[in-house]
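Me: I'd like a close look at one strand and at how it fits with its surroundings. Keep it relaxed, and take in some side-chain contacts elsewhere on the way.

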Amino acid sequence: MPILTRGIGHPVTMLRDEAGSLLPLAAAGFVVLAAVVGAGLDMSTAYKAENRLQAACDAGVLAGRRAVGTDGFDDDAQAEANAYFNNNYDASKQGSLNVVFTPTSDDDGITVLGTASTDVETAIMRIFGYNTISIGVTCSASMGVGNSDVTMVLDSTGSMGSPLEAGGSSKLLMLQNAMKSFYDTVQASTAGGNARIRYAFVPYSQSVNVGRLLKAEWLVDEMEIQSREPQYDTVTVETGEVSHWEDPVRSTSTGESNSWVVEEGFLNDSEYSQRWQCNRDLPNDTNWSNSGSATTETDTRINRDGQEVTTTTETQRQTRRTYTCVREERGRGRDRVRYWAPTFTEYARDRYDYEFETRDPVMVTIETTEFSHFIYKQMDYDVSSYKTFSSVTTPTGWDGSDVSSTWPGCIEERDTTPAASFTYNSVVGITPVSAKDLDIDSEPDSDDTKWRPMWPEVAFYRTEWVSTWGGGYWDLTHRHESDYGGQAVSRCPHRAQLLQTMNEGEFDGYADSLVATGNTYHDIGLLWGARLSSPQGIFSSNVTEEPANGGNVSRHMIFMTDGAMQPSISIQSAYGIEYHDRRVTANGSNHHTRRHNERFLALCEAVKAKGIRLWVIAFATGLTEELETCSSDDSSFLAEDADQLNSAFQEIAKEVGELRIVQ
């Protein structure tokens with residue numbers, strides 16, 4: 001309440017004259033009346049000043065709380081509070097003296113307290129010795145945070161890995177520090193409350209890593225990829241020569257104990273009285289001859305170098321005669337001359353005969369396919385296993401060797417159209433509607449609306465030699481097949497994350513996991529930021545999950561980049577190898593960057609139409625017309641260094657938290 005005081009600081013005392021007199025009484029009545037009227041007028045002025053002082057105090061602590069950063073209620077925050085108080089309380093207009101405003105904080109800036117006091121000069125009561133009316137107010141402001149969902153779409157391209165100046169920290173490290181400060185500011189605001197804050201992340205470069213967020217049925221089983229196919233020449237390694245012979249086997253004759261096959265009749269009519277005489281005349285015949293038909297077996301396999309090897313095994317049985325001397329007794333129907341044989345039966349004689357000896361040769365012919373060259377062309381690939389993160393082998397390595405690969409999780413977008421311009425309106429969404437890739441909300445229901453796993457190990461561009469006067473150069477070719485080409489650069493950022501509550505360790509861990517790689521495709525980053533944030537989209541069950549406190553949820557998207565759009569026609573991106581696939585342009589290159597910007601701006605309008613506040617931070621780069629147009633009203637920042645980047649994140653954190661006056 002205002003307090004009346006004399007100029008000399010003593011209360012007013014009215015003396016009573018006990019002598020009766022009408023005139024003095026009348027005069028005294030007029031004095032009392034003047035005092036009453038004057039006090040009312042001056043008190044009215046004091047009350048107006050008090051209201052103004054209260055408003056200025058509230059404005060001061062509110063501004064001071066908004067200025068609180070990671071350093072708490074520091075000198076800068078106090079200066080901001082004083083500046084707002086002074087701007088809202090003009091001492092001369094309020095007729096005030098001795099204006100004092102004191103902002104303080106007992107909890108490092110979570111709540112900012114304020115006291116303000118002044119002396120308001122009187123107009124009427126001055127004649128009664130009351131020169132001023134003292135007034136004083138108190139005020140406070142705290143960050144009251146409601147339920148908020150924050151999706152951070154973060155430029156994770158290669159340029160983020162470079163420093164702003166030689167020897168300095170990388171831009172990525174500056175971003176990671178600013179993110180952590182953002183979390184700390186919002187977290188401090190929720191202390192003691194029941195507000196729910198959730199975070200989603202979409203790091204982007206030339207694609208986005210969302211594979212583990214998608215259902216398997218949302219991905220195709222087969223897809224066309226600009227790739228290369230190995231070609232082989234057939235080479236005979238060994239042929240026509242017997243590699244080895246099986247051990248000879250003598251044939252047997254039933255009833256013959258010595259297993260010899262005896263030919264009918266003798267080989268000749270000679271008879272010998274001694275064995276040595278017979279042995280001397282044995283024929284010296286070692287020739288083999290084929291017996292029966294040959295058999296052939298063929299086996300084909302792929303060796304560890306990816307070459308096809310065919311082995312042909314041919315078997316041809318052979319026989320030959322083996323001669324030996326035998327003694328034959330007379331009386332077997334053969335009429336021979338007798339001779340003396342002291343150790344044998346009287347009627348016995350020697351002759352020579354033969355047996356059959358067989359052997360099996362193995363004749364091996366090996367034919368192999370040796371790598372010749374690659375044909376670079378578009379090929380059909382079965383991705384049914386690859387999309388499940390299983391290891392898959394393809395003959396796309398050096399000289400056609402096998403390469404094993406596992407999907408890192410980045411995607412190629414669904415079908416689109418190479419239109420020159422794109423627009424958004426609330427009735428039909430983004431047009432042309434044939435650009436199914438820009439459909440934020442619809443669930444896939446056919447191959448042309450499904451996503452494709454981006455497969456770096458099999459992606460190759462095609463080239464040809466362009467002759468010029470005095471030489472030439474290699475360049476991309478429009479031909480559908482070429483004997484020349486190279487592996488397309490394919491980069492995949494860190495995994496995206498759906499909205500979820502996070503403690504400080506989880507948040508900081510995610511920030512520290514970001515990597516800098518690849519080219520700048522703003523449109524693919526914003527597209528998936530929209531999909532992760534949309535209450536009507538494929539992740540709606542996550543987005544619309546009711547908070548435990550039952551309150552409303554404000555939605556924010558922070559889009560941070562360190563550069564302008566920078567697509568490439570020869571790398572593998574979310575739109576394939578654009579020079580060959582031509583999903584964005586009709587000829588692979590015409591107005592390439594402009595068309596990506598058209599897509600980006602249409603997506604910006606679609607995001608804002610969903611009630612999502614879209615913040616844009618241009619870090620160490622110009623705030624281009626596209627970036628400024630993309631942002632919501634009063635929601636774009638230009639940050640030229642680490643401090644300004646941190647300040648931008650802090651400003652957004654203060655908006656994510658809803659300031660309110662608590663006293």
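Reply: Let's warm up with Y473, which sits in strand β23 (residues 471-476) (DSSP runs, numbered from the N terminus: E for strands, at least two residues; H or I for helices, at least four). With a relative accessible area of 41%, Y473 is partly exposed (buried is under 20%, exposed over 50%, partly exposed in between; 1.4 Å probe, protein chains only). This is a predicted model, so local features need pLDDT of at least 70 and side-chain atom pairs 80 or more, while totals for chains, interfaces and linings use all residues. Numbering runs from 1 along each chain as its sequence is written, and side-chain values use heavy atoms, without hydrogens or water.

Now for strand β5, residues 147-155: nine of its nine residues are buried, so the rest of the structure largely encloses it. N147, D149, T151, V153 and D155 point one way, S148, V150, M152 and L154 point the other, and every one of them is buried.

β5 also has strand partners (pairing takes at least two DSSP bridges). Eight bridges connect β5 with strand β27 (residues 553-561), and the two run parallel; within β27, D149 has R555 as its bridge partner. Strand β6 (residues 197-204) pairs with β5 too, again in the parallel sense and over eight bridges, and there S148 is matched with I197.

On to the charged contacts. The whole structure holds 18 salt bridges (a Lys or Arg side-chain nitrogen within 4 Å of an Asp or Glu carboxyl oxygen). One of them joins R452 and D415, at 2.4 Å from N to O. R452 is in strand β21 (residues 452-453) and D415 in the loop between β18 (411-412) and β19 (423-425), so this pair, 37 residues apart, links distant parts of the chain. R452 counts as buried, at 12% relative accessibility, whereas D415 is partly exposed at 29%.

K610 and D441 make another, with their closest N and O atoms 2.8 Å apart. K610 is in the loop between α9 (592-609) and β30 (613-619), and D441 is in the one between β20 (429-431) and β21, so the pair ties together parts 169 residues apart in sequence. D441 is partly exposed, at 23% relative accessibility.

Within helix α9, K608 meets E605 at 3.1 Å, N to O; they are three residues apart, or about one helical turn. Both are partly exposed: K608 at 23% and E605 at 34%. Elsewhere, salt bridges with shared partners join D149, R196, R198, E545 and R555 into one network. That brings us back to β5, where D149 has R555 of β27 as its bridge partner.
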